[in-house]
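Student: Could we go through this model together? I would like to look at its cysteines and then its overall fold.

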Amino acid sequence: MIFFFEIFTFLYVFFDILDFFISMIFLGRVMVAMVVLCLLVVAFQCEVALATTYVVGDDNGWTFNVAGWENGKNFNAGDVLVFNYPQGAHNVVAVNKEGYDGCSTTPSDAKVYTSGNDQITLVKGFNNFICSYSGHCDSGMKIQISVS
């Protein structure tokens, strides 16, 4: 009978220790997952914090002869352009190169902004914007932003 009691005690202690180690392994995985999640959140916040906001045309806003405002600036993907103008007096149309060169809303499904306080996030490559109101683009209301 003592022999069975010793085996029972040994098995009880063995499984108790095994349970402790399994719990620690699970807890360790949870802790590692939480640390990784925290690091990802911090990294995302840093990326967002690095974005710069530019007001197109500075104090003059989105108006005639704004072409060239972008010169000398270094734009990155995620930066934001703010187009300020009197609502109804202008618009902002995100166009492709042909639309920029020809002052036309190309492609036909180009995104048109009309709020007077449009905020557009830049993507890598060329970002082209025009005012599609008659004669405005031809009068210099267009910019082409090269984004790295």
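Student: How many disulfides does a search of the whole structure find?

Tutor: Good place to start, and keep in mind that this is a predicted model. A disulfide is a covalent bond between the sulfur atoms of two cysteines. Here C103 and C137 are joined, with S to S at 2.1 Å. Searching the whole structure gives a count of one disulfide.

Student: Which parts of the chain does the pair link?

Tutor: The two cysteines are 34 residues apart, in distant parts of the chain. C103 lies in the loop between α2 (97-102) and β4 (111-113). C137 belongs to the loop between β6 (125-130) and β7 (142-147).

Student: Is the disulfide of C103 and C137 left-handed or right-handed?

Tutor: Look at the torsion about the S-S bond, which is about -70 degrees. With that torsion, the disulfide is left-handed.

Student: Is C137 buried or exposed?

Tutor: Its partner C103 is partly exposed, at a relative accessible area of 22%. C137 has a relative accessible area of 4%, and buried means under 20%. So C137 is buried.

Student: Why is C131 too far for a bond?

Tutor: C131 is buried, with a relative accessible area of 1%. The closest cysteine sulfur to that of C131 is in C137, and a disulfide needs sulfur atoms within 2.5 Å. C131 is too far for a bond because the distance is 8.1 Å.

Student: What pattern does the chain follow along the sequence?

Tutor: The chain has two helices and seven strands. Reading along the sequence, their order is α-β-β-β-α-β-β-β-β.

Note on methods. Residues numbered from 1 in each chain as written. Predicted model: local features only at pLDDT ≥ 70, side-chain atom pairs only at ≥ 80, totals over all residues. Heavy atoms only, no water. Helix = DSSP H or I, 4+ residues; strand = E, 2+ residues; numbered from the N terminus. Buried < 20%, exposed > 50% of the residue type's maximum accessible area, 1.4 Å probe, protein only.
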